[in-house]
Amino acid sequence: MLNLLRPTPPVHDPLEAPLPGATHEVKKTTCYMCACRCGIRVHLRNGEVRYIDGNPDHPLNKGVICAKGSSGIMKQESPARLTVPLKRKPGTARGDGDFVETTWEDVFVTLTERLAKIRATDPKKFALFTGRDQMQALTGLWARQFGTPNYAAHGGFCSVNMAAGMIYTIGGSFWEFGGPDLDRAKLFVMIGTAEDHHSNPLKIALSKFKRAGGRFISINPVRTGYSAIADEWIPIKPGTDGALFMALIHELIKSGEYDREFVAEYTNGLDLVDLADGLIVGKSETLEGEQAVDGKAAKPAFELLTERVAECTPEWASAITGISAARIVKLARELGETAMRQSFELPIAWTDTYGRKHESVTGRPVAFHAMRGLAAHSNGFHTIRALAILMSLLGTIDRPGGFRHKAPFPKAIPPGVKPPKSWDDIKPNTPLGTAPLGFPANPDELSVGPDNEPIRIDKGFSWEHPLSAHGMMHNVITNAWRGDPYRIDTLLIFMANMAWNSTMNTSQVRTMLNDRDENGEYKIPFIAVCDAFASEMTAYADLILPDTTYLERHDAMSLLDRPISEFDGPMDSVRIPVVAPKGQCKPFQEVLIELGGRLKLPAFTTAEGGRKFKGYEDFIINWETAPGSGIGFLSGWRGVDGDKALIGEPNPKQWEMYAENNCVFHYELPESQQWMRNWNRDYLEFAKDVAFNGSIEPIRIHLYSPVLQSFRLAAQGKRAGKQPPEHLRERIEKHFDPLPFWSPPLEYAATDLEKYPLNAVTQRPMAMYHSWDSQNAWLRQIHSHNYLMVNPLTAKAAGVEDGGWLWVESQWGKLRCMCRYTEAVEPGTVWTWNAIGKSKSAWNLAPQADESTKGFLLNHVISEELPQPAAGVGKTISNSDPVTGQAGWYDVRVRIYPAATDEPKETWPRFAPMKRMPGTGIAKKVQAYFAGTK
Amino acid sequence: MTQLALVIDLNVCVGCHACVTSCKQWNTSGSAGPLEDLNPYGESPSGTFFNRVQTYEVGEFPLTETVHFPKSCLHCEDPPCVPVCPTGASYKRKEDGIVLVDYDKCIGCKYCAWACPYGARELDEGRKVMTKCTLCVDRVTSTTLPEDERKPACVMACPTSARLFGDVHDENSEVSVAIRERGGYALMPEWETKPANQYLPRKITELIDEAKL
């Protein structure tokens with residue numbers, strides 16, 4: 001052996017505390033490395049972040065933390081941090097990336113002057129769009145106070161189909177609004193969910209479920225992440241899940257293995273539908289058959305559903321989904337038998353809205369979870385409606401072992417909040433007459449003017465996309481650039497990378513951001529961007545507002561927004577700064593409060609015309625939904641002494657009380673109010689009392705949707721009120737079907753499917769959240785670049801080698817990247833990680849960084865629009881779900897072929913490098929982070 | 001005699017990398033740190049990590065298994081990295097079996113890395129010393145951390161509780177029970193390194209048996 005020296009006692013003492021004499025401090029706050037919002041403890045040494053761990057006393061993550069959360073230190077250290085306000089250098093062109101430092105006062109004066117003028121003349125010319133933020137309660141309030149309808153977050157791009165498809169069917173949805181009860185489920189079916197949403201809680205629950213012997217089936221074109229530990233993987237072709245659900249409903253009804261009692265009692269299955277006009281005309285005693293109501297033929301809604309799925313056989317679905325008919329039959333049997341024959345009762349007494357007392361709640365131990373894989377298709381709304389109906393037939397809605405709501409859901413179908421109905425809702429120097437976003441119940445609640453012109457810049461809630469509950473951020477730049485429906489003046493973007501991954505058709509959108517009209521003026525005259533990092537989007541700003549990171553600011557995760565409620569009751573939480581803001585960074589919330597005061601928006605102004613709130617903390621404590629309502633952003637520790645929950649007077653010590661209580665407030669409902677909440681009298685009374693809902697009416701499940709039928713009737717010319725334009729009648733009649741149906745994604749009709757035979761989709765990796773963390777030195781070592789993942793059969797047929805360079809081409813464009821063979825994808829699908837590729841030198845990465853040389857963005861081959869021949873030659877329409885406006889970015893079809901051997905070994909398209917912005921850091925060659933030595 | 005170790009449950013590991021970065025953040029500012037990152041914002045970034053997750057595919061479509069496989073030093077009972085060390089920097093602690101590197105003795109010759117059949121060692125390029133998983137020795141032997149936090153950072157972080165920690169020589173410990181009852185296995189036993197860390201295999205729950213319904 002080579003032991004040249006005799007062993008001697010260790011010199012380096014591994015137990016010795018580093019930096020003896022250092023100060024140590026632990027502060028609690030809430031994570032924001034993704035949208036999951038876990039409780040964290042930030043351990044500081046000499047004031048620097050030593051480490052961040054999960055807060056064991058936090059109900060959401062119970063002490064665990066993920067890869068992103070564990071890398072928060074590197075967010076603080078990133079050289080991409082913006083630290084000073086910047087404005088475009090006078091005399092330079094937008095997009096050149098030449099910026100000069102300015103002051104916050106200059107920022108506020110510039111914005112106040114500009115926005116005051118817009119507000120006094122034509123408030124819709126100001127548009128505020130935000131990316132991932134979860135501060136929509138504040139940004140939405142601000143836009144409403146300003147008086148512009150042009151506000152939304154990123155939901156239209158992300159998963160509005162999931163929200164709208166389920167909310168319009170069962171009154172609630174997955175993730176923040178509800179989820180699978182894996183504590184009691186025996187069978188868990190996860191569909192179209194990659195690796196996130198709801199990140200740590202889902203991981204905790206999955207592990208517990210598996211260890212308890214639960215069976216986990218994953219239905220997904222790709223087997224990664226959570227699907228890896230599934231007991232069974234059922235590969236499916238993208239965009240075909242709706243056909244699978246229709247066939248499963250067919251099989252369940254055929255076999256009788258579904259919850260007939262639930263369907264009869266708790267859905268509108270017994271409602272009698274007039275066969276002539278589709279209106280509800282009475283109630284049936286039986287679920288099947290035909291009867292006459294006032295001499296007119298009518299059928300129960302359930303009968304119509306049964307007839308609808310009659311042709312949706314397993315064989316039919318097999319040809320569409322690629323799943324064998326036998327497997328579909330087996331899956332249906334397993335779902336039905338588990339729900340019905342492994343049923344159980346929880347001895348929890350409750351009272352329904354009809355006053356009937358129940359001694360127990362029935363468990364149906366089949367739970368589902370689904371997310372973007374269903375949502376991001378133009379047929380996603382009906383796919384998700386079909387899923388919600390499947391879950392309802394199994395009797396699993398807000399029942400043990402099935403789906404459980406989270407407060408403030410369930411809500412009325414549809415919820416009461418509405419978007420603007422006419423131009424009368426938009427007036428100079430006046431708050432909007434309605435909310436900017438909402439849930440139309442019929443065509444009269446659409447945001448269109450007298451000539452059917454869209455009121456919103458993104459055409460949300462217009463006849464093109466009537467139920468676009470989250471807006472359509474993906475069309476804002478294209479529409480504003482084209483001046484269709486109108487031109488705007490100022491676009492304020494918060495934390496959305498619209499010049500890169502938060503947009504479809506990225507290359508063209510970048511051109512639009514710079515484009516000028518015949519007078520040499522920018523078509524979008526003024527762009528302000530608030531972000532913490534030098535993203536691709538900041539390069540296109542005229543004004544840059546440096547935001548703080550999550551460790552540097554106050555935040556309220558409000559029940560008025562997308563809260564973090566648990567199944568057993570409402571929950572909200574806060575962030576408390578643990579370190580000082582870097583440089584001159586200012587939280588966007590403070591910017592809004594300041595601007596609101598300067599612009600004298602009523603909510604931010606006293607009766608005397610003075611400024612109402614000192615800042616964000618003061619605003620959160622004292623703002624109420626209406627004077628004296630006792631309802632504000634935070635529901636915990638209300639009342640003068642902090643002894644009231646949910647409703648109470650403002651409490652000046654509210655922040656301190658959150659800080660003392662793990663930054664989270666959890667209101668546990670009595671057990672009798674935790675289940676069957678759509679029909680639970682005591683719960684619905686509670687929900688009305690605390691203003692979650694406007695009434696105590698039971699929330700019956702819409703197997704048959706009268707809301708959709710009202711639009712269809714309008715399209716058929718059978719309904720008074722707002723009428724659709726001629727060219728959209730056929731589209732609306734087809735897609736506003738009151739019963740679920742499957743049809744191919746809209747893009748297919750405009751695609752040569754033989755030329756472009758492959759589906760191309762993206763997935764988000766667990767260790768990287770969209771584009772957020774390419775500047776994170778640790779996380780980018782896990783994902784610095786991406787490959788196109790291709791089944792070897794498909795790749796070999798195209799002559800593409802493992803590790804080789806290839807072209808991915810759609811009818812919209814092409815890109816060059818590297819291929820990786822994988823057996824974990826169905827052969828008709830290719831996929832890649834989302835948003836790993838970056839534009840050269842963006843995020844202050846080196847020009848040769850892997851993200852821009854080997855990484856790529858699939859968005860370059862995805863279009864934000866489709867041709868609309870019915871409207872005329874050259875006319876276009878958003879490439880979105882015709883019901884909700886959800887971006888159909890998983891619909892793209894591509895072909896692949898090898899890159900020539902003499903081509904550069906780098907990804908394409910390529911862009912001019914971004915210049916380093918003043919105030920950002922200098923990237924080190926070697927980084928050796930050791931907290932507490934600065 | 002105590003032998004501390006990790007038992008990693010592949011039945012629930014979803015490959016989230018929480019163990020990778022929680023390890024990095026604890027250890028870079030701890031007694032084993034700093035763990036350097038080369039080119040942290042440039043081409044081919046490469047830093048020192050004591051723990052990495054590898055992902056493998058097994059089988060052919062459609063019968064494909066995707067396996068996430070977290071890997072770190074296995075704290076072998078007979079560690080081949082120790083006797084090859086010319087300076088005695090590589091050593092195994094008598095009191096708890098943790099294999100460590102004494103950075104004050106290490107000359108960065110890499111003999112230990114060559115000797116390790118598992119590729120578990122990483123040369124810290126900045127300090128030119130060999131590094132590896134310490135089982136968070138400064139956490140697990142701490143007298144100041146709350147008792148239930150005297151575990152490796154990766155164990156504390158793991159969202160699926162896939163990482164169990166304890167004394168594999170204590171037959172009543174959680175880790176020994178898990179190994180015994182759930183088919184725990186060591187990596188490459190033919191090398192006779194007697195790895196202390198073990199893995200729990202995937203377990204497939206079959207379709208509900210209709211005969212029993």
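This is a short tour of the contact between chain A and chain B and of one helix pair in chain A, in a predicted model.

Start with both chains displayed, and select the residues at their contact. Chain A contributes 80 residues and chain B contributes 69 residues. On the chain A side, the elements that give two or more residues are β3 (48-54), α6 (199-211), α11 (325-341), α23 (779-782) and β36 (926-927). Select α6(A) among these: seven residues come from α6(A), the largest share of the side of chain A that touches chain B. Now colour that side by residue class; the split is 40 nonpolar, 22 polar and 18 charged residues.

Next, select β36(A) together with β2 of chain B, residues 37-38. The two strands pair in the antiparallel sense, over two bridges. To see one partner pair, pick Val926(A), whose bridge partner in β2(B) is Leu38(B).

Then go to α11(A), which is also among the elements that touch chain B, and add helix α7(A), residues 241-255. The axes of α7(A) and α11(A) are 9 Å apart, and the helices pack at an angle of about 60°. Because of that angle, α7(A) counts as oblique to α11(A). The crossing of α7(A) past α11(A) is right-handed.

Show side chains for the contact between these helices. From α7(A), select Leu244(A), Ala247(A), Leu248(A), Glu251(A), Leu252(A) and Ser255(A). From α11(A), select Ile328(A), Val329(A), Leu331(A), Ala332(A), Arg333(A), Leu335(A) and Gly336(A). Coloured by class, the residues of this contact of α7(A) with α11(A) are nine nonpolar, two polar and two charged.

Notes. Residues numbered from 1 in each chain as written. Chains lettered and ligands numbered in written order. Predicted model: local features only at pLDDT ≥ 70, side-chain atom pairs only at ≥ 80, totals over all residues. Contact = placed C-beta atoms within 7 Å. Helix = DSSP H or I, 4+ residues; strand = E, 2+ residues; numbered from the N terminus. Nonpolar A, V, L, I, M, F, W, Y, C, P; charged D, E, K, R; others polar. Pairing = 2+ DSSP bridges. Axes fitted to C-alpha atoms, helices over the stretch in contact; angles between N-to-C directions. Parallel < 35°, antiparallel > 145°, perpendicular 65-115°, else oblique. Left-handed = near helix turned anticlockwise from the far one by under 90°.
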